[in-house]
Amino acid sequence: MNATTLTVAIETLDAEATEAAIPALTDILRDCVANGASVGFMDWNTSADYERFWRDAAASVASGQVILLAARNDDGIVGTAQLHLIGKPNQPHRAEIAKVLVHSRARRQGIGEALMQRAEAIAREKGRDLLVLDTDEHGAARRLYNRLGWTEAGTIPRFALMPGGADCGSTFFYKDLR
Ligand SMILES: CC(C)(COP(=O)(O)OP(=O)(O)OC[C@H]1O[C@@H](n2cnc3c(N)ncnc32)[C@H](O)[C@@H]1OP(=O)(O)O)[C@@H](O)C(=O)NCCC(=O)NCCS
């Protein structure tokens with residue numbers, strides 16, 4: 001961790017705080033898609049689509065299924081990540097990390113790493129010791145996850161689309177915390 005990272009606070013948002021953060025979270029998601037990230041949306045999606053996504057996320061936070069993290073610096077909320085606690089009876093040890101997003105104005109300061117470290121720490125606290133995620137095979141996140149000790153299970157070609165419509169392969173990772 002470096003000096004810049006120390007000026008960023010990683011918070012866990014409850015459902016009420018998530019609702020209050022929807023404008024900032026929407027701005028982050030819009031910025032990531034506008035900058036070409038394959039994170040579930042296309043370049044024709046609108047702010048209304050992003051707001052709906054975060055309202056649904058707030059409902060999942062309320063039900064306890066999702067733990068939502070926010071990274072806050074002097075500019076407000078500039079990053080976010082989710083830990084999905086798998087509810088299947090035969091996977092009580094597993095969680096998935098999703099929507100790791102840092103606003104383009106706040107990247108390369110260690111915020112993505114700080115979000116991942118906190119998500120991992122919370123997973124341990126919750127007794128979830130097998131973590132899974134997937135990401136664009138060509139994105140910056142792939143380097144981040146490799147650097148943080150995640151194992152690549154493989155890449156599925158054409159798994160998703162880039163915001164502009166091009167094919168996007170997805171690389172699947174896991175991290176065994178035992
Ligand atoms: C992937 C993503 C979350 C990374 O966020 P970030 O805050 O930039 O992440 P970090 O700062 O921890 O690490 C990114 C890089 O910055 C570097 N870095 C970290 N602190 C730094 C500092 N103080 N000065 C310079 N570089 C620094 C890291 O070494 C890393 O370098 P690398 O990409 O060459 O390996 C961000 O790029 C993003 O939101 N992308 C779009 C959305 C996306 O694809 N998300 C993944 C979905 S699964």
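Helices and strands here are DSSP runs, a strand being at least two residues of E, numbered from the N terminus. Keep in mind that you're looking at a predicted model.

**Stop one: the ligand.** Select the ligand and show what surrounds it: 23 residues, the closest being Arg107, Arg108, Gly112, Glu113 and Ala141. Now colour the elements that give two or more residues to this shell: strand S4 (94–102), helix H3 (111–125), strand S5 (130–136) and helix H4 (140–147). Which element gives the most to the shell? That's H4, with 5 residues. If you colour the shell by class, you'll get 10 nonpolar, 7 polar and 6 charged residues.

**Stop two: from S5 to S7.** Stay with S5 and add strand S7, residues 167–176; the two pair in the antiparallel sense over 7 bridges. To see one of these pairings, click aspartate 134 and then phenylalanine 172 in S7, its bridge partner.

**Stop three: the hairpin.** Next, select S6, which covers residues 151–161. S6 also pairs with S7 in the antiparallel sense, over 7 bridges. Pick isoleucine 156, and you'll find its bridge partner, serine 170, in S7. S6 and S7 form a hairpin with 5 residues between them. In the turn, look for glycine 165, which has a positive phi of about 110°.

**Last stop: proline 157.** Go back to S6 and select proline 157. Is it buried or exposed? Proline 157 counts as exposed because it has just 9 other C-beta atoms within 10 Å, and the cut-off for exposed is 12 or fewer. Finally, draw a distance from its C-alpha atom to that of leucine 13: they're 144 residues apart along the chain and separated by 34 Å.

Methods. Residues are numbered from 1 along each chain as its sequence is written. This is a predicted model: local features need pLDDT of at least 70, side-chain atom pairs count only at pLDDT 80 or more; totals for chains, interfaces and linings use all residues. A residue is near a molecule or strand if its C-beta atom, placed from the backbone, lies within 6 Å of it. Helices (H or I, at least four residues) and strands (E, at least two) are DSSP runs, numbered from the N terminus. Ala, Val, Leu, Ile, Met, Phe, Trp, Tyr, Cys and Pro count as nonpolar, Asp, Glu, Lys and Arg as charged, and the others, Gly among them, as polar. A residue is buried if 20 or more other C-beta atoms lie within 10 Å of its own, exposed if 12 or fewer, and partly exposed in between; C-beta atoms are placed from the backbone. Two strands pair if DSSP finds at least two bridges between them.
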